[in-house]
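Q: Can we go through this model together? I'd like to start with one chain and then look at how it meets its neighbour.
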Amino acid sequence: MNSINVVPLFVIIPLFSAFFISIVGKFVKRNAVYALSVIPCILLSFFSFNALRLLQSAPGHMLLYKIGGWAPPFGICMAVDAFGVFMLVVVNLVALFICIYSTGYMEKYTDMPKFFTLFFLMLTGMNGLIVTGDLFNLFVFLEIASVASYALVAFGTEAEELEAAFKYAIMGSVASCFIFLGIAFLYGFTSTLNMADMARVLATSHSVFIIPFVSALFIMGFGLKAALVPFHAWLPDAHPSAPASISAMLSGVLIKTLGVYALARIFFNVLGITATHLAVFRFLGAISLVIGVVLALSQWDLKRLLAYHSISQIGYVVLGIGIGTPLGIFGGLFHLLNHSVFKSLLFLNSGAIDYSVGTRDLKHMSGLKEKMPITAGTNMIASMSIAGIPPFNGFFSKLIIIFACVQAGYFGYCLIAIVGSILTLASFMKVQRYAFLGELRQACQNVKEAPFVMKFSMIALAVICVLGGFLLLPSLRPFINNAVDVLIEGAKYSAIILGETAK
Amino acid sequence: MRHNPDAGMSIIVKTVTRLTVGLILLFGIYIVLHGHISPGGGFAGGVIIALSFVHLMLAFGKDVASRKLSKNIASNLEAVGALMFLLIAVAGFFGGSFFVNILEKGTPFKLFSAGTMLLNNVAISLKVGVGLFAIFLALVILEGSKKKK
Amino acid sequence: MMIYLLCLILFCIGLYGVLRKRNIVKIIVGLGIIEYSMNLFFVLLGYRTHGRSPIEARTENVLNMVDPLPQAVVLTSIVISLAVTALVISIAIRIYEYYGTFDITKIKRLKG
């Protein structure tokens, strides 16, 4: 098989697994279903690292795949560049550990094959969104991931979960409508749906009206998917209501792929970034950062607290990207990777506590350190990462964002980033104090540590947290640096795709 | 068609349904098979096929309809439709790349032409027709379970 | 131009339904109206004056076709909105089971 054929596999493997599990799942034992769901995840992680290796020798540092042999702009193409590979590695690696964790966590749910079907549909949507080079195809994959996530939020079918899912579904669908309207306007103006071709037409046009209007629609639509602050109301309800492994998936990778990746890809590579866009990104990022963390301080529900921190950390990512200098974007993308690792880990910890103790309320747990040493230890690492304590990965990415703010002369935003980091630290000291340290309660005497598979995932993610800082070494830095170059040299994206297909 | 005379709608509706439901199903199949040479196709045909079953359910009640096509079989067939579409797409690898039309194209406006288009339409109609019916059945069963409480 | 304004009015009616109505079912209907106005707008973008449907004919050579791409795109979008509507309706039925009401001001166990 030709090596370029790795690109469509990112869609084929999860889609096949989703429907295969839904047929076979009813007839085979639980362990077989677990095996059927872990193997595709391992394959996907392997292929995403394989794509990273292939990219080095690819012409123009772009894996371009013409579906059905039809050349773009007439056919649909898949285009994976350094930014796409970066996201693929993050998404598939985190999905692998969450899938392994789910095999232990989903024991107590009855309809387990359906869970994995929806999980893989969500993964299909995210992988498809990353690899596609066609704007409408992007919308379709976005909707696949969104619809699967609405259903997963309601998976427990209790009153609160249904309420959260309803809110999320309605707001998410309205956001999708805004995105669709933006695509309609762009199609009406450029007469093409291929992103590269669209960028070419927009670059040569002189209309002052179309880009600001479409930008506003896209910021509303993708901003809601990314839970930036004026559009964040659904996230604190939806993320805690899902099963813990799905909360980790939603907070860890879904809001980043559907929100930040799509936003960055469209604004930097298709519409062409302007100073106004960057100012809007910085502003939205900064207010998300502050409001998210301030609201998190007063929460007593562990998962709800973590959900508010997701808003705040997404604020850091968007602030970093909004600075617009290479260093700022580097910090933003590095923080995106780090956040998806430690926020998944934190949600998995909360799931382990929920699994063993049966509560999410911080007031009802105490001194769990003795009974659940591994959960406590990994939670300590993740908390220190998210708060930005030196040896862990979160420290480096926040430091880079703050340096970039100073370098670009945005001292106000720099101050906001520092204050946000201090408040995050305060909030996670509260978690440590109430959940893990202190006296062991009577009610928690018989608590046991979580099963082996759950411990394995948590330890693996904690190791990534500790070692994350090594990505800054010169030999590993191209992994993120090449992704930054894709965004900085935005117009090159369309030139490479159109140049490759012209051959 | 054995059924409980009290379930469902009046005798007029039942008689008319008995006469038309086969024709509706046949028309749906016609639309699917001619999708590549005339307006229509997998989605439209699939909706018509689903409507014939929904029609049956409205007239005779859910027991008769789910005896024709039970919910388990429906959800399995739906997944089979999706897998079939995916396999046709993957079969394109034999022709060089994903989604390549590997079969003989034939002459235009003949029933067996346009390569894999016909098979794609059949897969889509299976997915849409059975899926839509399964959604309707699920909503009806959900509504019914509430009344028992 | 007039016809695009009608799309906008339809869109605003749907948005009003989603934002202002208190009944869950009316919110779902509002969402449906928004989605239909979007689809209508996209199809209208592809129309050209006196255009014919984009189907090859056996006997004659069709020259003045409307743009077929928006029609394919809108068909996909209709399928997506069908999936979303079915999901939301089933959630609404379950919500009614638990809360005994469709009024969203009474459905608020989640707060903070």
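**Chain C and its contact with chain A**

A: Start with residues 68-93 of chain C: the chain there is 100% helix and 0% strand, with end C-alpha atoms 38 Å apart. Helices are DSSP runs of H or I, at least four residues; strands are E runs of at least two, and both are numbered from the N terminus. This is a predicted model, where local features need pLDDT of at least 70, side-chain atom pairs count only at pLDDT 80 or more, and totals for chains, interfaces and linings use all residues. Residues are numbered from 1 along each chain as its sequence is written, chains are lettered from A and ligands numbered from 1 in the order written, and side-chain values use heavy atoms, without hydrogens and water.

Q: What is the mean pLDDT of chain C?
A: The mean is 86, and 97% of residues in chain C reach 70 or more. pLDDT is the predictor's confidence in each residue, from 0 to 100.

Q: Switching topic: how many residues does each chain put into the contact?
A: Chain A gives 34 and chain C gives 35. Contact means heavy atoms within 4.5 Å.

Q: How many salt bridges cross the interface of chain A and chain C?
A: The rule finds zero. A salt bridge needs a side-chain nitrogen of Lys or Arg within 4 Å of a carboxyl oxygen of Asp or Glu.

Q: And which helices of chain A supply residues to the side touching chain C?
A: H5 (135-153), H6 (159-190) and H12 (302-323) of chain A each supply at least two. H6(A) gives the most, with 19 residues.
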